[in-house]
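Me: I'd like to learn how to read a structure like this one, feature by feature. Can you take me through it?

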Amino acid sequence: MRSPLRRRPGKSDTWYRHVLPTAAVLFLAALAAACGSRGTATPAGKPLIVGTTTQIADIVRNIAGDRAAVVSLVGPNRDPHDYEPTTDAVEQVARSRVVFKNGAGLDDWLDRVLKNAGGSRPTVDLSAVVHLRYDAGQPDPHYWMDPTNVERMVPAIRDALVAADPADATAYRANANRYLQQVRTMDAQVKSIFDTVPTAGRKLVTDHDAFHYFADHFGLDYVGTILRGLSTSSEPTTQQLAALVGAIRDQGVKAIFAEASLNPKLAEQIGRDAGVKVVTDLYGDSLGPPGSDAGTYIGMMVSNARAIAEALR
Ligand SMILES: [Zn+2]
């Protein structure tokens with residue numbers, strides 16, 4: 001039996017076929033415009049720029065200012081290590097003027113997106129301009145955790161934007177200079193936050209190996225991580241967890257830190273076993289939602305420093 005809600009189109013329904021599709025298109029366009037982070041909402045005339053991760057997109061956005069629309073493929077509070085590209089991502093990359101990638105093994109999935117987007121886009125691999133550290137021969141991709149690496153990224157981003165959109169070169173150069181100053185100010189602010197923690201107490205335990213650059217730059221002792229290695233995909237063995245609990249007790253670590261983009265279950269178990277506090281709102285591989293304390297790269301760095309210093313004091 002036919003559904004009473006589905007009408008057979010008749011002569012009087014012709015308006016429906018012409019007007020409704022137009023109304024639907026207008027509605028969808030309005031909806032897309034309301035969702036600012038969607039690539040489909042790019043204002044006419046502004047080049048679309050893609051960053052693979054939230055941090056890269058935020059840094060690029062600061063240099064692009066209002067001259068370009070910048071989107072991130074990985075969303076806030078999502079793990080870029082196990083990101084699965086969406087059709088939106090493919091569409092955004094297909095329409096982009098430049099793509100900025102992290103490189104160093106964090107966003108190799110971009111190759112698949114580029115292929116599905118129907119060819120290559122001008123792509124800037126930012127790992128080529130930073131100082132990388134290596135762990136067992138593998139590059140550590142979490143280099144944004146050292147602000148001096150972001151100082152190296154800014155000129156590379158500026159030059160790529162100028163090449164893609166020479167008409168706005170003056171704005172990109174001025175924005176880049178202003179942002180460099182903001183990054184240096186943040187660097188000094190984070191150092192002064194850690195000055196409030198006694199030297200012997202500056203010990204860090206986190207979910208995965210995302211904070212080596214941070215610990216090296218700000219003078220923290222990286223005691224260990226819950227997940228092994230530079231990715232988030234490895235499962236620790238019972239022996240490894242017991243060794244970590246032992247190290248936390250032996251070294252008098254006051255608190256351990258879980259990242260907001262990862263499941264805190266293991267960290268909470270280790271915190272119970274070692275009898276220490278667990279802080280679950282550290283931002284490692286992803287920013288928080290726009291507008292939150294950790295919604296920008298600079299905000300994330302200050303928010304992490306405050307959370308760590310407060311727990312370790
Ligand atoms: Zn990571």
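Me: Let's start with Asp250: is Asp250 buried or exposed?

Reply: The thing to do is count the C-beta atoms around a residue, and 12 or fewer within 10 Å makes it exposed. Asp250 has 9 other C-beta atoms within 10 Å, so Asp250 is exposed. Keep in mind that this is a predicted model.

Me: Where is Asp250 placed, and how far is Asp250 from Ala274 in sequence and in space?

Reply: Asp250 sits in helix H8, residues 238–250. Asp250 and Ala274 are 24 residues apart in sequence, and their C-alpha atoms are 10.0 Å apart in space.

Me: How confident is the prediction overall?

Reply: The mean pLDDT of the protein is 88, and 86% of its residues reach 70 or more. Residues 1–41 are another matter: their pLDDT is below 50, and beyond near neighbours in sequence this stretch has 14 contacts in the model.

Me: And the overall make-up: how many helices and strands are there?

Reply: There are 10 helices and 10 strands. The protein has 313 residues, and 41% of them count as buried. If you take contacts between residues at least 6 apart in sequence, 61% join residues at least 24 apart.

Me: Now helix packing. What do I look at when two helices pack?

Reply: Two packed helices are described by the angle between their axes and the distance between those axes. Take H6 (residues 169–194) and H10 (residues 297–312): their axes are 9 Å apart, at an angle of about 5°. H6 and H10 are therefore roughly parallel to each other.

Me: Which residues of H6 and H10 make the contact?

Reply: On the H6 side you have Gln182, Val183, Met186, Gln189, Val190, Ile193 and Phe194, and on the H10 side Ile298, Met301, Val302, Ala305, Arg306 and Ala309. By class, that contact has 10 nonpolar residues, two polar and one charged.

Me: How do H5 and H6 cross?

Reply: The axes of H5 (residues 147–164) and H6 come within 10 Å and cross at roughly 175°. That's why H5 and H6 are described as roughly antiparallel to each other. From H5, the residues involved are Pro147, Val150, Glu151, Val154, Pro155, Arg158, Leu161 and Val162; among those they meet in H6 are Ala169, Tyr172, Arg173, Ala176 and Tyr179. The contact of H5 with H6 has 13 nonpolar residues, four charged and no polar ones.

Me: Does a helix have a pattern I can use, and which way do residues three or four places apart point?

Reply: An α-helix has 3.6 residues a turn, so residues three or four places apart point the same way. With that in mind, look at the buried residues of H6: Tyr172, Asn175, Ala176, Tyr179, Val183, Met186 and Val190. These buried residues pack against H2 (54–64), H5, H7 (212–218) and H10. As for length, H6 has 26 residues and reaches 38 Å from its first C-alpha to its last, close to the 38 Å expected at 1.5 Å a residue.

Me: How many residues of H2 are buried?

Reply: H2 is mostly covered, with 11 of its 11 residues buried. Charged residues turn up on that list too, including Asp58 and Arg61. The buried residues of H2 pack against strands E1 (48–51), E2 (69–72) and E3 (98–101), as well as H5, H6 and H10. Just after H2, Gly65 takes a positive phi of about 55°.

Me: What sign of phi do most residues other than glycine have?

Reply: Most residues other than glycine have a negative phi. Asn77 has a positive one, near 60°, and lies in the loop between E2 and H3 (87–95). Asn77 counts as partly exposed because 18 C-beta neighbours lie inside 10 Å. Ala136 also has a positive phi, near 50°. Ala136 is in the loop between E5 (134–135) and E6, and with 6 C-beta neighbours inside 10 Å Ala136 counts as exposed.

Me: Last one: what is Gln138 in contact with, leaving aside its neighbours within four places in sequence?

Reply: Gln138 is in contact with Gly105 and Leu230. Gln138 belongs to strand E6 (residues 138–139) and is partly exposed, with 15 other C-beta atoms within 10 Å. Gln138 and Gly229 are 91 residues apart in sequence, yet 9.7 Å apart in space, C-alpha to C-alpha.

Key
Residues numbered from 1 in each chain as written. Predicted model: local features only at pLDDT ≥ 70, side-chain atom pairs only at ≥ 80, totals over all residues. Axes fitted to C-alpha atoms, helices over the stretch in contact; angles between N-to-C directions. Helix = DSSP H or I, 4+ residues; strand = E, 2+ residues; numbered from the N terminus. Parallel < 35°, antiparallel > 145°, perpendicular 65-115°, else oblique. Contact = placed C-beta atoms within 7 Å. Buried ≥ 20, exposed ≤ 12 C-beta atoms within 10 Å, placed from the backbone. Expected span 1.5 Å × (residues − 1). pLDDT = per-residue confidence, 0-100.
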